[in-house]
Structure formats: C-alpha cells, structure tokens
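Trainee: Could you go through this structure with me before I write up my notes? I would like to start with one helix and then move on to the rest.

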Amino acid sequence: MKMKRNISYICLLLMGIVLSVGCKSKKAVAFSFPDLDGEWEVVEINGYRLDGEKPCPTLVFDMLRRGLSGNAGCNRLMGKIEFREKHENIIRFLQVATTRMACPDMDVEREFLAALERVVRFEPIGETAPVKEIAMFGPSGDKLLVLSQR
C-alpha cells in the first residue's frame, strides 16, 4: 500500500513538472521601430525560402526620416514608412516606387513587391537579443516576408 502511494506521489510530481515546463510562456524580445534601422535582406517570401542563387531583395529602413530604400531583386526601390510609436509593431509601406529595368526573371521581384504592399505589422523572430530576423505579416495574419539583418 505504501509503495502504491509513493508511486502515485512520484507520478503527480512528474506531471506537475511536465505541465509547468510546457506552460512556460515565451518572453518576448524587446524590439521597437528604431531597431529596424539599417539594411535587411529578404530571405523568405510567402512561406518560400529564397535560395540565394538569384539576387535577394533588400530593404534599408531609415526610421528617423520614415524612409525606405533598397533593391527589389532587379530594380531599386524607394518609399515611405508609416508607423506610430504607440501602436507597437504596426507598420505600412507607402508610395513604394521602383526603377523600370527589365531583367530576365522578374518573378521574385513581383512577389516581393506584392507582399510588401500588404504588410501591416512585424514581429521579431527568436527569443534573444539582438534580433537578427523579423517576420512581416498581412492583414489576415499571414506571414508575408522574413527579413534577416545584414
């Protein structure tokens, strides 16, 4: 009888440990708009990782001037960034324009520009600082882009 009671206590103890470890919430990494400053490489578009064989799009954020520049894969791009400090992680890209060079394969560029137009918020990826990757999401919560800091 005593042996059964000890086994029951051990089982309850193990279940408690498993539940407490499994229910730990992830601590969000502190990341704000000024942390976006600088150059970022697009490594994923609409769930597809870019292989690096073709030129990957890049974005350069100038948060002080609320400006955006970079390369869409073939053409240079520029535009405006809209955000409000009090609305954490909500962001929009406005008046995005590109040069008009024709390249042999424009598929990545077209997908990238379409995704960029739909972005409404971002989140850092990972649990440690400094943040090296961010994900950008559309209005319905779909992950559109993943950017890696250069």
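**Helix 2 and its surroundings**

Mentor: Let us begin on the outward side: Arg-110 and Glu-117 are exposed on the other side of helix 2 from its buried residues. Please keep in mind throughout that this is a predicted model.

Trainee: Which residues in helix 2 are buried, then?

Mentor: The buried residues there are Glu-109, Phe-112, Ala-115 and Leu-116. They lie on the same side of helix 2, because the arc they cover around the axis is only 135°.

Trainee: And what covers those buried residues of helix 2?

Mentor: The cover includes several strands, among them strand 1 (38-45), strand 3 (58-62) and strand 4 (67-71). Strand 5 (76-82), strand 6 (92-98) and strand 9 (143-149) are also part of that cover.

Trainee: How far apart are the end C-alpha atoms of helix 2?

Mentor: They are 17 Å apart, and this agrees with the expected span of 16 Å, because helix 2 has 12 residues (107-118) and each is taken at 1.5 Å.

Trainee: Okay, zooming out, how many helices and strands does the chain have?

Mentor: The chain has 2 helices and 9 strands, and along the sequence they come in the order α-β-β-β-β-β-β-α-β-β-β.

Trainee: What share of the chain is buried?

Mentor: Of the 150 residues in the chain, 31% are buried. The area that the chain exposes is about 10,100 Å², and carbon and sulfur atoms supply 56% of this area.

Trainee: What about the largest nonpolar core, how many residues are in there?

Mentor: That core has 28 residues, and Phe-61 and Leu-145 are the ones with the most contacts inside it. Two or more residues each are given to this core by strand 1, strand 3, strand 5, helix 2, strand 8 and strand 9.

Trainee: Which residues is Leu-145 in contact with, leaving aside neighbours within four places in sequence?

Mentor: Its partners include Phe-112, Ala-115 and Leu-116, which you met earlier as buried residues of helix 2. Leu-145 is also in contact with Val-42, Glu-44, Ile-45, Val-119, Ile-134, Ala-135 and Met-136.

Trainee: Switching to charges, how many salt bridges are there?

Mentor: The count comes to 9 salt bridges. In one of them the side chains of Glu-41 and Arg-150 meet, with N and O 3.8 Å apart. This pair links distant parts of the chain, since Glu-41 is in strand 1 and Arg-150 is in the segment after strand 9, 109 residues apart.

Trainee: Is Glu-41 buried, partly exposed or exposed, and why?

Mentor: Glu-41 counts as partly exposed because its relative accessibility is 23%, and the range for that class begins at 20% and ends at 50%. Arg-150 has a relative accessible area of 58%, so Arg-150 is exposed.

Trainee: Which residue forms a salt bridge with Arg-49?

Mentor: Glu-133 does, and the closest N and O atoms are 3.8 Å apart. Here too distant parts of the chain are linked, with Arg-49 in strand 2 (residues 48-49) and Glu-133 in strand 8 (residues 133-137), 84 residues apart. Arg-49 and Glu-133 also belong to a network of salt bridges with Glu-44 and Lys-143.

Trainee: And what about Asp-62, which residue does Asp-62 form a salt bridge with?

Mentor: Asp-62 pairs with Arg-65, the closest N and O atoms being 3.2 Å apart. Asp-62 is partly exposed because its relative accessible area is 25%, whereas Arg-65, at 65%, is exposed.

Methods:
Residues numbered from 1 in each chain as written. Predicted model: local features only at pLDDT ≥ 70, side-chain atom pairs only at ≥ 80, totals over all residues. Heavy atoms only, no water. Helix = DSSP H or I, 4+ residues; strand = E, 2+ residues; numbered from the N terminus. Buried < 20%, exposed > 50% of the residue type's maximum accessible area, 1.4 Å probe, protein only. Areas by Shrake-Rupley, 256 points an atom, 1.4 Å probe, with all protein chains shown as cover. Expected span 1.5 Å × (residues − 1). Arc of directions from axis to C-beta. Contact = heavy atoms within 4.5 Å. Salt bridge = Lys/Arg side-chain N within 4 Å of Asp/Glu carboxyl O. Core = buried A, V, L, I, M, F, W, Y, C linked by side-chain atoms within 4.5 Å.
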